[in-house]
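Q: Hey, I've just opened this one and don't know my way around yet. Can you walk me through it?
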Amino acid sequence: MNKKLLSVAIAAALGLAGCGGGSSTSSTNDTSQNDSSNNTQQNDDGEIISALSEGFALPTELSAVPADSDNSAQAALAAGLGPRLRALSRAVAVDELPADSDYAKAQPKKYIEERALEQFEVIEQVLNAVGQTHYADAGNVNEGPYTAMVTWVDDQDGRQVKTLQPWVVDSRMIVIDGQDVNRVLAWIEEPSEEVPGTTELIKAEFKIYKAATVAADGAFIDYGDWDLNVSFGEDSSGTVTDYFAATSRVSDGVTTIKIHESFPDGPPGAGGEAATYELKGILVRSATSGYGKVAFPDWESCFGPDAGADCTPDTKEVAYAYNAAFLGVDDDPATEGAVYKDRDPANAVEFTHRYGLFYANADSDNSIGAGDNVERHKAFGFPIRYTDDHGLTRYAYYGAWQGRHEIWGGERDGVAAGTEVTRDDRGPNQTAETYTVSDKFNGTLTKRTLVDGSLSDIQGIVVETWINKHWDLMWDQSANNGDGAWMYCDGWT
């Protein structure tokens, strides 16, 4: 959905003035010694400053169904590092790595993937973006607005596309009704898709009242208390129609999350505005039982020869419920055709979607420590910026993936060959290098070092692949000298 991601009307305090009304004062750094309930120090907006110097952490993964119904078992797993890499290296045992190593500190995230409930992923997408701003770090809290580069990952045309977005963020720890609250304001300026040569200002407000509770193996026991609101735009009358809102509340170990998205899509109608669609969902979640429902526009209902150019997508509903033993999912409640799945951990299959690479041993001069994350010492790629044909600053990222040097981001069709780009990770007192984008080269630039291997190296590894085989058939009246003919296309994507 790219920026088409949600939020209900944002508080008037989000109005951008200068970079948004700084929250820091000369006394901010002294508040960590105070009791928040008695603190009277205020920021420039009249908010009472909390005594806490760090913010509250938002969850980074969202699973509608817990990965395990036994939290005590999760704690026991963690003692042996649970689902982490079970063999960091043949040359060193995991328990020999220092307790303060990157590997020992790495927090795994464990969740259930259920494709029928993927509409809830939009919350995770927003939470991950907010987390990249480091809003909870002590150095950013109550220090006024700052700029953070956020990598936004979106699905377009069946593939994941990364774009870089500069966010202006103001993270505040304040006191509301006697409670410490992490209030995070964000402003994201990006080129308009509807009106080339102009920009749009996305405004967001996040209020975090309680951090998420994480089990020892990385699974979330609950998701904490918070409100997220993002405003993407207004219609011609000034009404906010393009927004995303989400809330999370925990009570007696049960998390209730609600989401509401409203966004315009398609060509403008008779009223001069694009049609507006909504996504609504609720999930009620605990370790042992839960349920939920989500309703969203079913774009697939507009595929096919009978859909027509002006097709209005049907609203699809998916309902689910689970207990300690089973998960039931019904993607068409009208037919009462629920599918039930086994939740017994003994029958579960674990997939590792994301993993880290760590050094097994320290080097001779200890510049690299045992258990250090390789990315701390070996990194390839850097952010870039350039000016498009409309004079607007665009952001992208140059890196490599599977031997292919690529640029992620930029405009819809990427960064055109011949464009001059500037490296965007240099400090204000450094000279930033400039480069010229080359023509596409359909090949790989890879150096490979061959070693002896055997089938036992991959024995027992679970793999997953997704195959989409399609066959399209449509009637073309203009074919066959006007007599018409059926046209078809088949293949693999």
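A: Sure, and keep in mind that this is a predicted model. A good place to begin is the nonpolar patch, where β21 gives the most, with three residues.

Q: OK, which residues make that nonpolar surface patch?
A: Trp 471, Leu 473, Trp 475, Trp 486 and Tyr 488 make the patch, and it comes to about 620 Å².

Q: And which strands supply at least two residues each?
A: Those are β21, running 469–476, and β22, running 485–492. Trp 471, for one, sits in β21.

Q: Switching to charge: which residues gather in the negative patch on the surface?
A: Four glutamates do: Glu 113, Glu 118, Glu 121 and Glu 300.

Q: Where's Glu 118 in the chain?
A: Glu 118 is in the loop that runs between α2 (102–105) and α3 (121–131).

Q: Why does Glu 118 count as partly exposed?
A: Its relative accessible area is 39%, and partly exposed covers the range between the 20% limit for buried and the 50% limit for exposed.

Q: Now salt bridges. How many are there?
A: The count is eleven. One of them joins the side chains of Arg 172 and Asp 45, with N to O at 2.8 Å.

Q: What does that pair tie together?
A: Parts of the chain that are 127 residues apart in sequence, because Arg 172 is in strand β3 (residues 159–176) while Asp 45 is in the segment before β1 (48–49).

Q: Is Arg 172 buried or exposed?
A: Arg 172 is buried, because its relative accessibility is 0%. Its partner Asp 45 counts as partly exposed, at 42%.

Q: Which other residue does Arg 172 form a salt bridge with?
A: Glu 47, and the closest N and O atoms of that pair are 2.7 Å apart. This pair links distant parts of the chain too, with Arg 172 in strand β3 and Glu 47 in the segment before β1, 125 residues apart. Arg 172 and Glu 47 are both buried.

Q: Which residues end up in one network through shared partners?
A: Asp 45, Glu 47, Asp 170, Arg 172, Arg 183 and Glu 205 are joined into one network by salt bridges that share partners.

Q: One more. What about Arg 394, which residue does its side chain meet in a salt bridge?
A: That would be Asp 388, at 3.1 Å from N to O.

Q: Are those two buried or exposed?
A: Arg 394 and Asp 388 are both buried.

How values were computed:
Residues numbered from 1 in each chain as written. Predicted model: local features only at pLDDT ≥ 70, side-chain atom pairs only at ≥ 80, totals over all residues. Heavy atoms only, no water. Patch = residues over 30% accessible without salt bridge, like charges linked within 9 Å, V, L, I, M, F, W, Y side chains within 5 Å. Areas by Shrake-Rupley, 256 points an atom, 1.4 Å probe, with all protein chains shown as cover. Lys, Arg positive; Asp, Glu negative; His and termini not counted. Charge placed at Lys NZ, Arg CZ, Asp CG, Glu CD. Helix = DSSP H or I, 4+ residues; strand = E, 2+ residues; numbered from the N terminus. Buried < 20%, exposed > 50% of the residue type's maximum accessible area, 1.4 Å probe, protein only.
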